[in-house]
Amino acid sequence: AKRVYLFSEGNKDDRELLGGKGANLCEMTSMGLPVPFGFVITTATCREYFQAGNKLPSLLEQEYRVALDLVEKKMGARFGDPENPLLFSVRSGAPVSMPGMMNTILNLGLNDEIAAGLAVKTNNPRFAYDSYRRFISMFADVVMGVPGEKFEHEIEKYKQAHGKTFDVDMSAEDWQEVISIYKTLVDFPEDPFQQLKMAVEAVFQSWHTPRAIIYREMNNIADTLGTAVNVQAMVFGNFGDDSGSGVAFTRNPSTGEKMFFGEFLFNAAGEDVVAGIRTPLPVDALKERQPDVYEELYKTQALLEKHYRDMQDLEFTVQEGRFYMLQTRSGKRTGRAAVKIAVDMVGEGLINEKEALMRVSPEHVEAFLHPTVDPQAKTDIVATGLPASPGGATGEIVFSAEEAEEVASQGRSVILVRRETTPEDIHGMKVAAGILTELGGMTSHAAVVARGMGVCAITGCGTLSINYADGSAHTDDGVVLKRGDTITLDGTSGEVMLGDIPKIEASSSDDFQTLLSWADKHRRLKVRANAETPEDAAKARELGAEGIGLCRTEHMFFEATRIEKMRAMILSESKEERQQYLDELLEFQRQDMLELFRAMDGLPVTIRLLDPPLHEFLPHEEHEMQALADAVGKPLEKIREITEGLSEVNPMLGFRGCRLSIVYPEITEMQVKAIMTAAVDAVEQGIKPMPEIMIPLVVNVREIRLITEIIDRGVQEVLRERQVSVPYKVGTMMETPRATLGADRLAPEVEFMSFGTNDLTQMTYGFSRDDVGKFIPSYIEKKIVDSDPFVSLDQRAVGRLMEMAVQESRRVKKGIKYGICGEHGGDPRSIRFCHNLGLDYVSCSPYRVPIARMAAAQAHV
Ligand code: ADP
Ligand code: MG
Ligand code: MG
């Protein structure tokens with residue numbers, strides 16, 4: 001297969017083969033935009049390289065030399081020719097954007113002789129040697145493994161010795177001196193073709209750097225894709241004061257506002273902007289100094305956004321007043337921006353509603369659900385930087401990624417404070433509640449990565465001086481922040497505050513509501529919530545829940561006065577005694593249910609009968625036992641005896657779920673009476689209750705029959721006595737493998753089946769839910785499982801059981817409603833699976849409801 005494509009040979013749909021960057025370079029070339037010419041070596045070649053045990057295909061060099069000749073013709077310069085040299089950038093580019101994760105080498109093709117030739121030809125020795133020193137350090141770092149800091153350090157030393165402060169103070173002669181020092185640190189190949197070959201290989205290799213691997217893990221990107229290599233003619237932002245480099249977004253990536261937004265550095269290479277070494281100027285500076293260039297840039301960004309029908313993130317360079325495009329891609333954005341842009345673009349007629357839905361990820365939705373700093377409460381603002389990534393966060397100051405990891409692993413919230421961040425810091429950024437940097441703009445590494453992760457961040461906080469050595473930072477006003485101090489960041493305003501400042505719950509926006517209304521219009525799957533308290537139920541409804549899919553009745557009994565009655569009930573030694581306490585519990589349960597019906601007026605409320613092992617309710621401490629003994633008037637010894645009698649070797653597989661109803665039918669009778677009395681009360685108050693009683697942990701149809709009998713009898717008793725009719729349903733949880741395998745036998749007895757995928761996963765794997773923490777991380781790391789099956793549904797086996805259960809039960813009875821109420825009900829991947837399975841609803845925690853609504857729509861469009 002063809003391994004090398006000229007920029008004139010591909011287009012934007014070739015991202016798989018040419019990588020995102022390469023495909024877009026091709027597309028821009030064919031749009032007639034000023035892209036320095038070049039060629040792409042395919043991702044397939046990268047895979048080939050790894051398969052061959054890290055060996056370049058033998059014909060590859062021949063193949064790219066053909067392309068290289070054509071680039072030389074087009075550019076009117078020759079690679080390796082000292083009289084008229086052509087230089088290349090060698091850039092990585094994966095099918096999925098991984099900004100800054102892999103390696104780029106610039107100014108490739110220089111050696112002593114060619115650098116001298118470049119100086120003569122351009123009549124700009126300072127530029128030539130600045131480029132040469134950049135090349136040496138980059139090549140040494142990326143290809144030869146000599147750390148970049150070594151070179152930085154030499155520059156610092158040289159500047160100090162010669163009384164220079166900034167790079168612009170360095171003359172051609174200064175750079176030549178620096179180069180001669182560099183050459184004592186590294187022995188790099190003089191032959192440009194040798195350089196090229198090594199660079200191509202190094203880009204392939206960079207697919208496997210630890211930071212790239214972490215990034216892929218975090219973003220669920222397949223390890224097998226590989227990267228393309230883009231070999232592109234260089235243009236030079238460091239040529240002089242009429243040159244420079246910039247980064248821009250077609251809309252504001254933080255707010256989504258439709259306003260061109262960019263940053264620019266005069267007389268600088270693009271790497272200087274991205275690295276955040278100097279804080280760039282707003283792109284308006286270009287408008288003043290080079291209005292023609294600005295005009296071209298402005299037109300180009302508008303054209304690209306229209307062409308791609310999405311917000312674009314651009315990299316461009318100006319050399320001697322001429323404008324060049326180096327990259328375009330769909331820009332990373334905050335959740336708020338994603339929603340605003342999607343909704344605005346529908347309004348502008350650029351995309352339709354379904355496309356808009358696909359532009360917003362679950363993480364984006366979360367941004368509407370994250371806290372922000374309460375503006376009323378703001379005090380002690382000690383510094384202000386750029387509002388790089390919104391939200392509010394409080395934590396202890398740490399100064400390195402390692403520290404961040406360590407402190408966070410102790411369950412404490414950290415704010416990572418750095419001069420700037422690099423991809424090496426990812427592991428610390430991942431665990432930080434917030435990120436604060438002294439340098440860098442809105443497009444610096446820290447800003448881009450934090451926005452992507454939805455972590456609050458402030459960058460370019462120039463009034464802060466960080467001293468890594470003694471673990472402190474001081475502001476221009478003399479405030480000293482030490483390691484371990486608590487600060488609060490407001491990533492929306494850029495303010496840094498002392499102490500823990502109160503935050504307010506995330507608020508919605510009109511755009512967000514519009515988008516969710518489109519989601520509702522374009523989904524089939526219903527979304528319910530798991531809730532027990534009236535507050536949670538109300539919140540869930542506000543967030544769009546269409547009922548309760550799981551009310552765990554035992555949670556209603558954990559409150560202090562109730563648990564005492566519960567304990568007394570469990571410890572009862574006769575049926576009469578038990579009944580007395582059950583009557584008291586009934587009243588609590590009735591009140592709670594009434595409130596739930598009120599909150600969910602007109603919507604179904606699925607109530608699960610008591611599920612957990614009874615001893616979970618019992619006291620374990622000596623003093624608790626004594627208190628209970630006093631309360632029920634029994635000797636301590638007796639309490640201890642009963643408690644011990646109830647303890648189980650394996651409670652999760654023990655005396656729980658519907659087994660309780662079988663042994664103690666009176667508990668179920670109480671629950672049913674409470675539910676139905678509440679339902680009748682509700683009707684009398686003008687509320688429309690829709691109770692659905694759910695039997696947990698069923699393994700066998702006879703359990704269902706026996707318990708349904710109890711339920712029906714209880715229901716009829718209440719309805720007859722109160723002379724009111726209330727529609728109700730009886731169904732079962734599907735959470736044991738045996739239940740799913742015998743679904744056809746259960747079907748005739750139930751009106752709904754709700755997959756309890758927490759227990760179903762536990763029993764399918766034989767992995768204890770409460771103990772997986774000890775080994776799942778190793779399973780994931782060793783790639784035995786792709787992800788934690790308790791987080792994202794295991795489609796192969798657990799999903800298979802669900803599928804069989806749906807098919808088999810449907811075969812014997814039509815009209816059964818199917819739902820899922822495990823944690824997976826709020827996981828977008830699992831939601832998609834449930835949609836495809838034809839379930840009727842998912843049920844998840846209240847705050848996941850908007851995400852579930854979006855995910856359900858995305859599964860359908
Ligand atoms: P990343 O994937 O990390 O963004 P890039 O391949 O875009 O890496 O390269 C980083 C920077 O190098 C670019 O932003 C650009 O400023 C500079 N660069 C890349 N290719 C060229 C080129 N042909 N001419 C000038 N600068 C370039
Ligand atoms: Mg790169
Ligand atoms: Mg780039």
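This report walks through a predicted model of a protein chain with a ligand, from the overall picture to the ligand shell and then a small run of strands.

**The chain as a whole**

Let's start with how far the predictor trusts its own work. Mean pLDDT for the protein chain comes out at 92, with 99% of the residues at 70 or more. For the complex, the predictor reports an ipTM of 0.93 and a pTM of 0.81.

The protein chain has 861 residues, and 49% of them count as buried. Its secondary structure adds up to 34 helices and 33 strands. If you boxed up the C-alpha atoms along the principal axes, you'd need roughly 105 × 60 × 50 Å. As for who touches whom, take the contacts between residues at least 6 apart in sequence: 68% of these join residues at least 24 apart.

**Around ligand 1**

Now for the ligand. Ligand 1 is surrounded by 19 residues, and the closest of them are S89, R91, T104, Q232 and G270. Sorted by class, the shell holds eight nonpolar, eight polar and three charged residues.

Which domains does the shell draw on? Both domain 1 (4-235) and domain 2 (236-333) put in at least three residues each. Looking at single elements, β5 (88-93), β6 (104-108), β7 (228-233), α10 (270-275), β11 (312-319) and β12 (322-330) each bring at least two residues to the shell. The top contributor is α10, which gives three.

**Two hairpins in a row**

Further along the chain, β20, β21 and β22 are worth a look. β20 (residues 464-467) runs antiparallel to β21 (residues 472-475), and β21 in turn pairs in the antiparallel sense with β22 (residues 480-482). That puts β21 in both pairings. Here they are side by side:

| Strand pair | Bridges | Residues between the strands | Turn residue and phi |
|---|---|---|---|
| β20 and β21 | four | four | G471, about 60° |
| β21 and β22 | three | four | G478, about 90° |

Each pair forms a hairpin, and the glycine listed for each turn has a positive phi. You can also check the register by eye: L464 sits opposite T475 in β21, while A473 faces L481 in β22.

One thing to keep in mind while tracing these strands on screen: side chains in a regular strand alternate between the two faces of the sheet.

Methods
Residues are numbered from 1 along each chain as its sequence is written. Chains are lettered from A and ligands numbered from 1 in the order in which they are written. This is a predicted model: local features need pLDDT of at least 70, side-chain atom pairs count only at pLDDT 80 or more; totals for chains, interfaces and linings use all residues. pLDDT is the predictor's confidence in each residue, from 0 to 100. A residue is near a molecule or strand if its C-beta atom, placed from the backbone, lies within 6 Å of it. Ala, Val, Leu, Ile, Met, Phe, Trp, Tyr, Cys and Pro count as nonpolar, Asp, Glu, Lys and Arg as charged, and the others, Gly among them, as polar. Domain bounds come from an automatic or database domain assignment. Two strands pair if DSSP finds at least two bridges between them. A residue is buried if 20 or more other C-beta atoms lie within 10 Å of its own, exposed if 12 or fewer, and partly exposed in between; C-beta atoms are placed from the backbone. Two residues are in contact if their C-beta atoms, placed from the backbone, lie within 7 Å.
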